[in-house]
Amino acid sequence: MIRHSTDRQFSLGAGCVRLDGPADSKIRLVCEGTLKRIDMRALADYFRNTADQFATGEFWGKLMRAACMLCAYTGDADLRRIVDDSAADMMGIQRPDGCLSTVPDALQPQGTHGSDLWERKYALMGLLSYYELSGSAAALDACVRLVRYTNTQVGDPPRTPITETGWAFCGIESSSILEPVMRVYHATGEPAALELATHIVRSGCCGRENIFEAIRAGKSPYRIGDNGNPRESIAKAYEMMSCFEGLCEFYRATGDARDLETVRLFWDKVREEEITLLGSGGADAPFNLGPGTGEQWNRTRLEQTNPAIDLMMETCVTVYWMRLCHQLLRLTGEVRYADAMEVSLYNAIFGALRPDGAFFEYFPRFNGARNPRVNYSFNIKGFDLSCCTANGPTGLALAPDIAFAGTPDGVAVNLYMTGCARVPVPGGQVVLSMQSEFPRVGYARLTIEAGDLPAGTPLALDLRVPGYAEHFAVLPGGDPTRMLTGVPGTYLRIADTVSDGDEFIISLDYSPIRHAAPHGSDRAGDGFVAFTYGPILLARDSRDCADPLAPVPDAGIGDWRVELPERPGLLTAHLQVGGETLTLVDYMSAGSDWDGGSFASWLPIR
């Protein structure tokens, strides 16, 4: 990730952050279970052989992006060899004129049943990620040439307008190429990149309705492009978010405040209407029934207990919600975006990864059992691969950059995970080390190693105070008389300078919260209740009770306690509700044996 002058937060760089606990273990699991097992050459074959097969060209770029991000985090030499070889292979496939496509020239830019530009988007993402990892001038040149080539085909007439491409969503899917095109512009200043991006933005990304103007007019995301026929809906969740992510990158170039405000308005609407307690959104009902079953905006936050919904919360949606949050966190430095990412990471992303690291569940669910099968898969030399298994690792790869992020004058601590970060300062570096019992207990200790740097080295330390915090306090040196308190939804600056051996005790108080069903469009979904603890969605597991869906009292929470789990997981919570004790576990570990055992997060009330 390249730092921009407009950014309030940014990556500390390859190898600067190390995490411990579930984020690190799942990152290493997916490296071994997916990224080192998949045959990247076989994925490049779709380009090499101009296979003209729908959307198959997306896989190389999705997995290359994640592999490069996680290689930067782990420093894994075997993974580095894989990405080096694969990048060289893909660059060898590219023609001298810049063409990198899975379809014959005569079908461009609308081949593979409309997914040609979509596939080029991911080819750009994979090559850009490799450039950011390696600094390869050849990889960046390959991106420039692909953008130039695409710009000769797509644009104002007589070129093909972007809104006349794509397979089902009136150009939204193709327009999502905006994000990597703008990253090429940031890295090179290539005029063709800005010309193509400007065409996309001015088109509004959609032939049926300008998605940016729709949001500025106050329209709900699920109603964008609505033509009155639910089966022709074009409100495809993750592709639409990707277009708004591209608008963030466009804003970085133009500085037009209206562009940033448009993205913020969109984010507010999506959070208000679509993002569930699991930290994801999209569904197959009740409003939009069109292409992309289970993957379209459907006011999912308000309909999340609707029994008419069968498929919901595609893992690809989770990843791109996190990416959109990350863009806005970088641009604004506002806590609410980190709050949202934390929920998605601990629940939807951690919970979707199968124990062998070879599969991300396509549609996580609130109630039922984990689905051990790969949905809508292609078999790549014995490895079953879906879009979500290809995208899911990127959600994990965001964790290090979220946990400790650089700021213009120091570092922001966004996640209270055990880990450490190396932060460059004039004359050397400072190491921040975090020992944490979060999320089971809101307690952490942050220590500073400054080595031989002079006492009082300038470095601003900002701690995120989550919106769910009931009380947030920091004791410098563990001294209660020096206590600092934070306001939920803000950053607490605990120091402007640091010295070797500085220590800060962090206390973060939060309690279980009861959530009544949101009372959407179907009254059959009203009689449910769910519980969260900090960012964690709690669930009842069949390993702890005979029937996770047994009705519970319609009452508030009385006494409660949270303890270490007996099985692998984050925590076990015991809540007194209406005179009964509910034993609940974190969503991530509910049903995590993936052996058919059931769990329930939305519990029926009696």
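**Ring contacts, an open sheet and a buried helix**

The charged end of Arg370 sits over the ring of Tyr587, with 4.5 Å between that charged end and the ring centre. The model here is a predicted one, and this spot is a handy place to start reading it. Tyr587 also has an aromatic partner: its ring centre lies 5.8 Å from that of Phe599, and the two planes make 85 degrees, so the pair counts as edge-to-face, the cut-off for that label being over 60 degrees. In sequence terms the partners are twelve residues apart, and the pair links distant parts of the chain. Tyr587 belongs to the loop between β20 (580–586) and β21 (598–600), while Phe599 is in strand β21 itself. Both Tyr587 and Phe599 are buried.

That pair is one of a fair crowd: searching the whole structure turns up 24 aromatic pairs. There is also a single aromatic cluster made up of Tyr346, Phe350, Tyr416, Phe438, Tyr468, Phe472, Tyr510, Tyr533 and Trp560. A further charge-over-ring arrangement involves Lys62, whose charged end sits over the ring of Tyr122, 5.1 Å from the ring centre.

Moving on to the strands, an open sheet is built from four of them, in the order β5-β6-β10-β13, with mixed pairing. At the edges are β5 (404–407) and β13 (490–498), each of which pairs on one side only. From one strand to the next, the twist averages 25 degrees. Strand β10 (residues 457–465) runs antiparallel to β13, and seven bridges join the two. Within this pairing, Leu463 stands opposite Leu492 of β13. Helix α15 (residues 335–352) packs on the sheet and touches both β10 and β13. The direction of α15 makes about 60 degrees with that of β10.

Then there is helix α14 (residues 315–332), where a quick length check works out nicely. At 1.5 Å a residue, its 18 residues should span 26 Å, and the end C-alpha atoms of α14 are indeed 26 Å apart, so expectation and model agree. As for its surroundings, 18 of the 18 residues in α14 are buried, so the helix is largely enclosed by the rest of the structure. Just after α14 comes Gly333, which takes a positive phi of about 65 degrees.

Note on methods: Residues numbered from 1 in each chain as written. Predicted model: local features only at pLDDT ≥ 70, side-chain atom pairs only at ≥ 80, totals over all residues. Heavy atoms only, no water. Pairing = 2+ DSSP bridges. Helix = DSSP H or I, 4+ residues; strand = E, 2+ residues; numbered from the N terminus. Axes fitted to C-alpha atoms, helices over the stretch in contact; angles between N-to-C directions. Contact = heavy atoms within 4.5 Å. Phe/Tyr/Trp six-rings, centres within 6.5 Å; stacked < 30°, edge-to-face > 60°. Buried < 20%, exposed > 50% of the residue type's maximum accessible area, 1.4 Å probe, protein only. Lys NZ or Arg CZ within 6 Å of the ring centre and 35° of its normal. Expected span 1.5 Å × (residues − 1).
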